[in-house]
Amino acid sequence: MKNSPPGSLITRLGIPPTLAWGYLGLLLFMIGDGVESGYLSPYLLDQGLSESRVALLFTVYGVAAGIAAWLSGVLSDLWGPRRVMWAGLGIWAVFQLLFLTAAIPLTSYPLMMLGYGLRGLGYPLFAYGFLVWIAGVAPRARLGTAMGWFWFAFTGGLPTLGSLVAGGLIPHIGAYATLWAALVLVAAGGLIALLLVRDDRGVRRAPGEGEGPVATLLGSITILWRNPRVGVGSVVRVINTASQFGFFVILPIHFTRTVGFSLTEWLHLLSAMFATNIFANLLFGVVGDRFGWRRTIAWFGGAGCTLSTLLLFYVPDAAGANFPLALLVAAFYGATLAGYVPLSALVPTLEPKHQGQALAALNLGAGASTFVGPAVVAAFVGPLGVEGVVWIFAGMYAVSCVLAHFLKLPAAPGTADAPGAGARHGDDAPDGPASTAASAPA
């Protein structure tokens with residue numbers, strides 16, 4: 001995988017050859033991270049925690065993940081993506097050990113907050129550090145496809161194959177031992193990516209403007225209003241997976257205790273949901289490169305998720321524990337989540353001179369979704385119930401459909417607009433790219 005020739009299968013698939021082992025390592029890492037996603041909420045309820053405490057724990061985890069997602073772009077500019085990924089792997093392992101050896105055995109909620117909450121810093125540093133690495137290596141013409149492969153690996157693990165692993169292991173070794181298996185998978189994936197990828201763009205600072213650490217850190221925040229389109233893109237990214245992380249809190253309970261599915265059936269539904277998602281991630285990466293990044297985000301992502309979120313609740317609610325019907329709506333929801341994949345190519349292209357800062361802003365949105373979703377649940381599931389929460393998420397997706405229409409690439413100053421150039425990325429034909437090299441696939 002290290003030195004694939006230009007005509008190799010890996011290159012033709014749109015995977016940067018020097019990063020191929022990184023994609024495999026990311027997949028294994030995220031499988032380990034996703035093992036708990038389908039059952040940790042009901043497991044903690046069985047340990048005596050209240051539903052509100054579980055939601056708060058997930059919210060704290062999400063806050064940590066949001067901070068780390070933002071920092072992953074900034075620190076990758078300062079340290080290089082490889083060091084950021086090492087930090088993510090170390091943090092994940094240390095705090096998972098605290099969670100398993102002390103917090104759960106002692107049923108200590110403060111230790112759970114410390115161990116599980118701070119473990120949320122780990123996976124964004126690892127995964128989004130690799131995302132920055134891809135952005136610096138992949139050719140512009142295949143950037144959407146390369147990002148599609150990233151999300152293929154990311155969601156292939158969290159929660160797709162992770163839930164499948166949990167469903168296979170829990171009946172044989174139990175829920176607690178399965179969390180130990182997750183640690184093994186994370187360690188294996190992290191070491192594969194970090195020891196086998198040799199691309200030197202992961203060990204040096206990304207090219208920049210000579211800004212110091214403080215300016216780089218502040219720039220990743222001020223870019224949200226310096227370039228409002230980047231800010232809008234970050235908001236759309238928050239909405240993208242907010243429902244996913246909110247549903248991790250309430251749907252295991254709703255589907256097993258209200259609809260009537262067994263835990264194993266729910267885990268199989270979750271696996272099918274995101275098995276569809278991983279292939280749709282790859283598909284919409286390619287579609288975005290051809291049909292347009294912005295149009296793909298608005299219609300396949302925003303409008304699609306508005307409909308699929310409502311169907312995911314109302315179809316099982318009306319039909320009961322009908323597995324084939326639930327499977328269909330779960331797969332549809334998973335597919336529409338992937339409609340947002342071109343954001344990872346579009347947002348850094350909106351700010352070609354500060355791509356690291358733009359990715360930091362996008363990653364901030366990705367990380368923020370991990371606590372916005374559970375926070376919506378914690379705030380509204382009491383007064384509005386599960387149905388009300390689902391309508392809130394559907395409304396958020398409808399808003400994102402509107403916002404996506406503002407994500408047009410800027411025209412090059414002092415030049416004539418290039419008809420059709422912007423349309424390739426989802427802009428209307430009159431809007432040309434900022435520059436052929438930096439803003440548009442060549």
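**Cavities, a pocket and a surface patch in a predicted model**

In this predicted model, the lining of the second largest cavity comprises eight nonpolar, two polar and two charged residues.

Student: What makes two residues of the lining of the second largest cavity count as charged?

Tutor: Asp33 and Glu36 are among the residues that line this cavity. Asp and Glu count as charged by definition, so these two residues fall into that class. The cavity has a volume of about 150 Å³, and α4 (51-79), α11 and α16 each give two or more residues to its lining.

Student: How many cavities of 30 Å³ or more are there, and how is the lining of the largest cavity divided by class?

Tutor: The count comes to three cavities. The largest cavity holds about 190 Å³ of space. Among its 21 lining residues, Trp151, Thr155, Arg237, Asn240 and Thr241 are the closest to its centre. The lining divides into 11 nonpolar, nine polar and one charged, and α11 gives the most, with five residues.

Student: Why is Leu195 called partly exposed?

Tutor: Its relative accessible area is 43%. Buried requires under 20% and exposed requires over 50%, so Leu195 lies in between and is partly exposed.

Student: What makes Leu195 eligible for a nonpolar surface patch?

Tutor: A patch residue needs over 30% relative accessible area, and Leu195 has 43%, so that cut-off is met. Leu195 is found in helix α9, and together with Trp86, Leu191 and Leu196 makes a patch of about 330 Å². Helix α9 (residues 175-196) gives the most to this patch, with three residues.

Methods
Residues numbered from 1 in each chain as written. Predicted model: local features only at pLDDT ≥ 70, side-chain atom pairs only at ≥ 80, totals over all residues. Heavy atoms only, no water. Patch = residues over 30% accessible without salt bridge, like charges linked within 9 Å, V, L, I, M, F, W, Y side chains within 5 Å. Areas by Shrake-Rupley, 256 points an atom, 1.4 Å probe, with all protein chains shown as cover. Salt bridge = Lys/Arg side-chain N within 4 Å of Asp/Glu carboxyl O. Helix = DSSP H or I, 4+ residues; strand = E, 2+ residues; numbered from the N terminus. Buried < 20%, exposed > 50% of the residue type's maximum accessible area, 1.4 Å probe, protein only. 1 Å grid on protein atoms, 1.4 Å probe; cavity = no way out; pocket = protein on both sides within 12 Å on 5 of 7 lines; lining within 4 Å. Points joined across faces, edges and corners; volume = space filled by probe spheres on them.
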